[in-house]
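Let's take a stroll through a protein model together. Keep the sequence and the 3D view open as you read.

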Amino acid sequence: MRLRTLTNRARNLEAILYHISLAEDANGNNLLSGKLESHFHCIEILYACGFKTPVHEMKVCRSIEEVHEFIQLWDTKRHTFTIDTDGMVVKVNSLRQQQQCGSTTHHPRWAIAYKFAAKQAHSKLLKVEFQVGRTGAVTPVAKIEPVPLAGVTISSISLHNEDFILEKDIHINDTVIVERAGEVIPYIVGVVPDLRSGHETPIEFPRNCPSCQAALVKPEEEAVWRCDNADCPAQTEERAIHFVSKDAMDIDGCGRETVVEFIQRGFVKTIEDLYRLPYDEILGLEGWKEKSVNNLKAGIEGSKNRPLWRLLNALGIRHVGVTTSKDISTHIQSIFDLEKMSVEQLTNIEGIGPKVAQSIVVFFSNEGNMHLLQELKRAGVNTINRPEDSLSKNNKLEGKTFLFTGTLQQFTRDRAKQLVEENGGKLLSSVSANLNYLVVGEDAGSKLTKAQKIPSIVVLSEDEFLKMLE
Ligand SMILES: [Zn+2]
């Protein structure tokens, strides 16, 4: 049985296995067309091996009626299940018959999905709040009477924009029909006009920003009202939250709540303030201990060493997300190159359209934004395209384990850790038979001696390690 890494502790993932694609005995004989006869049997074997499998959620049925009954049973009890599910799969049990069925270019002919009907509920729309996002977009959010739906209680639902409200004719006090699309995001399907009592009032969309009171603007071709005040507090807050987030600077020990707290206390007024936090003062605050402050400090320090695309994404430029940031960062030497680039030059980069290019030009011609970048650079944040960063986009180290020892010359420990993880590898904390590679810097000590006694461990220099990433 060939199996890939099943758990990834760092990402807190787990896998549930429901299929064996290849099984051979010691002599290379295919067990799937020999000893193993049924799908059910395969799952039982996986279970016996200790893997997570749906043994308690499957059943061999003798007729289509039995299949139907089993599905009905799960439809009624699926909300007690620990994993969100939107359906079941009906499969041919005999492996020989599966082979006879074969498959199309997209899917096997011996398996078919049954989707449960999306669950709906009625609730009352109590009020609408207007939230200002980091690009200034104002989003109406419906606050409804809490209602249980598909295993969670829903009390808050996005209404997207003004057009959505008008189109569905949604009023305050209306009875609304709530659905969980794909069983995840709640959605308002519509209202029930027959249940209106006469106390419904229209939703008034604000014409001024709920945070800074600036007049909202709406370009004709867009559906969204926007606050375009660069100093809007709500936007600053959302921008800072985006800056520290996983897909951006990925600052450990600093999430949404921390950012909000620091803004409220006046520690953070602009993004560059994140790099001059008053740690002594923070240590004295309720809920902060030496360990959490040290974590925060390490997270902030670590973020100075991120690949260029992360900084570009962290800036929160409209229409520029992770993919676009990666596309652009390989075409520039430094973030400051973008200040000089025209829409035409930018659209020459593959994947960059005129809308994105225009947005970048607008961002980099803004003095405040350029000041922010200068300040970030001064604080030590990486602003250049480093050769090893373009390597960090694959799974070349997948399933392999690493440990670094000695004084590293070419990169820091943090950077080494990042390179391993970004390429799908895993870091171990000690030398053992589970270790595949020991990377040694100068003056390596006991770890090297220990590793040399285990034949399966490969000892690498820093250069050899970097070569593995190419
Ligand atoms: Zn505003």
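Here is a short tour of confidence, a sheet and a helix.

## What kind of model this is

This is a predicted model, where local features need pLDDT of at least 70, side-chain atom pairs count only at pLDDT 80 or more, and totals for chains, interfaces and linings use all residues. Residues are numbered from 1 along each chain as its sequence is written, and side-chain values use heavy atoms, with hydrogens and water left out.

The pLDDT is the predictor's confidence in each residue, from 0 to 100. The chain averages 89, and 96% of the residues score at least 70. Among the elements, strand S6 (residues 171–172) has the highest mean pLDDT, 97, and H14 the lowest, 84. Residues 1–8 have a pLDDT below 50, and beyond near neighbours in sequence this stretch has 14 contacts in the model (a contact means heavy atoms within 4.5 Å). The helices (H or I, at least four residues) and strands (E, at least two) are DSSP runs, numbered from the N terminus.

## A four-stranded sheet

Four strands make an open sheet in the order S11-S10-S12-S13, with parallel pairing; two strands pair if DSSP finds at least two bridges between them. At the edges sit S11 and S13 (458–461), each pairing on one side only.

Now look at S10 (residues 401–405), where five of five residues are buried, meaning under 20% relative accessible area (exposed is over 50%, partly exposed in between, with a 1.4 Å probe and protein chains only). Thr401, Leu403 and Thr405 point one way, while Phe402 and Phe404 point the other. In a regular strand the side chains alternate between the two faces of the sheet.

Two bridges join S10 to S11 (residues 426–427), and four join S10 to S12 (residues 437–440). Phe402 stands opposite Leu427 in S11, and its bridge partner in S12 is Tyr437.

## Helix H13

How far apart are the end C-alpha atoms of H13 (residues 367–378)? They are 16 Å apart, which agrees with the 16 Å that twelve residues should span at 1.5 Å a residue; the expected span is 1.5 Å times one less than the number of residues.

Asn369, Met370, Leu372, Leu373, Glu375 and Leu376 are buried in H13. Their cover includes helices H5 (233–244), H9 (308–314) and H12 (354–364). At the N-terminal end, Asn366 acts as a cap, with a side-chain oxygen 2.7 Å from the backbone nitrogen of Gly368. Just after H13, Gly380 takes a positive phi of about 105°.

Definitions and conventions. A polar contact is a pair of N or O atoms within 3.5 Å; within protein, one must be able to donate a hydrogen and the other to accept it, and residues adjacent in sequence count only if both atoms are side-chain atoms.
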